[in-house]
Amino acid sequence: MAHKILELRGIRKEYGQNVILDDFDLAINENEFVTFLGPSGCGKTTTLRIIGGFETMQAGELLLDGEDIASIPAYKRPINTVFQRYALFPHLNIYDNIAFGLRNNVYSNVYDIGTMDLMADAGFDEEEIDSLSRKLSHINKPKDVKNYVVEYFKSLSNYYKVSDYLDSIKKEYKKATFEQYSTVISNKLNELNLDYPLDGSKFKDTCSSLLEKIGSTDVYYQMITKITSRSFKEDIIRREVLNALKMVNLSGYENRKIDQLSGGQMQRIAIARAIVNKPRILLLDEPLSALDLKLRKQMRLELREMQKNLGITFIFVTHDQEEAMVMSDTVVVMDKGEIQQMGRPEDIYNTPANRFVASFIGEANIFRGVYPEARRFQALGKTFKVSAHDFMPLDKIYIIVARDDFDICSVDAAKFNGIVKKVKFSKNVYELTVEVNTEGNPTIIVETEDKYNIGEEIGFTVEPGNIYCEAITESRSKLLANYDDCNIIEGQYLGNQQVSFYNAVFDTYLVTFIPGEVVDAVIRPEDFDLEIDNPDSAIIQGIVTKSVFTGVHFELWVDVDGQNLLVEDYQNVEIGQKVGLKVDFYEIHLMKVEDEFQPAKIQEIRQKGRLISDKIENEA
């Protein structure tokens, strides 16, 4: 169901010898709030500027709805940007600030927008409007856009077809009788499938009356009349400016000066100036960084609500983890020009893909140690119970514990203890920096609602389920697909980042399974792409067995080799129809399967680990 509006394929960006992005791939869905999150220098702003057209790239493709827009200049892309500094014009009032881009005679999109508005008001379908919009995006000058639209509508207008015909026969029938010219005019009307009665008067008066009748019902003629009127440009500008002010909840502010606005209001005016051009994608480059903390929190909620109301894709850049978690549908965590993890905020927080993500997102505590035997981990001079049982004995691994997952207890009952070195109150909790009483005296960060004093000794325990393990040698780790209503398909990991199910081979982003291992492939209903016209072109085919309209989309049950898969799509498909199913590699998540389903070699490894674990449990 999810429609990919934007794709970056194999992007390479370098400044001299400094490579910022190399073979960078990313797909963004329509109508989502997507956040690029990462430390300074990770490539997030460079990626944003490439999308916006402010930076060129040395290699790769930038696709909008499948069309490469890399050669289209920034001002002609249906993409607008709100920068960190709002750059409002202090000498102009609010109305003129917002209208500035539309009034620009060199780069204005006013005729593009006005044409789309006229077609929408006239009841044209979205497909026809989008088709013309894409054609206009390749025309640079506003005057040329206007001329193209006029000629395009003339080619479809019956009024102009009849008018041109009447001009061509004017000399021949100017002094003819009604009986002489009415037949040829009627034949032309029949050719165009028009049914208008002719007045029995002079040729000139008959032509004038006929064109008046056609013009009263010809929508193309009416749109041309409006586009060529002297007031059209300012009428469109006023309509769009007032609509933009309404969207940012500042109706009635159009006559105010910039110096009469608060910081939050200036930010909303900057957004209004961006959305007045009706972009399909809005880019926001850390637009909240200039605001105080209280206003930032308020504007986070307003931005999120604004995105829902506008129904367009927001791509937001920030280094603030809290902003990303609160506002986003999808978070893209970046470091050193690479995507470390991409997913829903709760999934990234609860199941970080690697050590960097765990550290950056949750500001977690990370310890390096050894996995001595099943469900055990040695670090800080202690042995901890852990939930993981998929490592080999003596593997070197990291464990990651979130700040709020440590349980503070008495020193006597503690697994380990330490001395409070620093206390900070933040976000309604106390943040303690504790020096652990073990070799090297490492420090940990702990969050608690209780207050402790500097120099106080406290003890800690931690539940096995709150300890996340990661192999030191892993370059990527499994992203657990803990989604609701997912399709779970039994398959086999083939190695070399490939998985097999339904007798087909798929690429996957995972490298943490053993070749030959039985796995569950998890695919969300909205991540399947339907192939209706040519189902055999898809790698999977099935028969639709059920269809339910939810009020927003259709839920389709597709029988594939005896298993019903749930697919969400905006298109309905008749029951009994054959369809194809496509899925991108990064939408296929893999999970481990219980041991009895594993090949003999893997069963042996897993069983040995379980026996050791059970022995330890019995002795404890």
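This passage looks at the nonpolar cores, one buried glutamate and one pocket of a predicted model.

The largest nonpolar core takes in 74 residues, and the ones touching the most other members are Phe153, Val162, Ile185 and Leu282. Ile185 gives a feel for how such a residue sits among its partners: setting aside neighbours within four places in sequence, Ile185 is in contact with Leu166, Ile169, Leu198, Phe203 and Leu210. There is also a second, separate core, made up of 27 residues, with Val34, Ile50, Leu64 and Ile72 among them.

Next comes a charged residue. Glu431 is part of strand 17, which covers residues 429-436. Its relative accessibility is 19%, and because the cut-off for buried is under 20%, Glu431 counts as buried. So what is Glu431 in contact with, leaving aside its neighbours within four places in sequence? The list runs to Arg403, Lys422, Val423, Lys424, Ile445, Val446 and Glu447.

Then there is the empty space. The second largest pocket holds about 1,500 Å³. Its lining is built from 45 residues, and those lying nearest the centre are Asp130, Ser133, Lys278, Pro279 and Arg280. Two or more lining residues come from each of strand 6 (79-82), helix 3 (110-121), helix 4 (126-136), helix 10 (232-247) and helix 12 (293-310). Helix 4 supplies the largest share, with seven residues. Sorted by class, the lining of this pocket is a mix: 18 residues are nonpolar, twelve are polar and 15 are charged.

Notes:
Residues are numbered from 1 along each chain as its sequence is written. This is a predicted model: local features need pLDDT of at least 70, side-chain atom pairs count only at pLDDT 80 or more; totals for chains, interfaces and linings use all residues. Side-chain values use heavy atoms; hydrogens and water are left out. A nonpolar core is a set of buried Ala, Val, Leu, Ile, Met, Phe, Trp, Tyr and Cys residues joined through side-chain atoms within 4.5 Å. Buried means under 20% relative accessible area, exposed over 50%, partly exposed in between (1.4 Å probe, protein chains only). Contact means heavy atoms within 4.5 Å. Helices (H or I, at least four residues) and strands (E, at least two) are DSSP runs, numbered from the N terminus. On a 1 Å grid over the protein atoms alone, a cavity is a set of points where a 1.4 Å probe fits but cannot get out, and a pocket is an open set with protein on both sides within 12 Å along at least five of seven lines; lining residues have an atom within 4 Å of a point. Grid points are joined across faces, edges and corners, and a volume is the space filled by probe spheres set on the points. Ala, Val, Leu, Ile, Met, Phe, Trp, Tyr, Cys and Pro count as nonpolar, Asp, Glu, Lys and Arg as charged, and the others, Gly among them, as polar.
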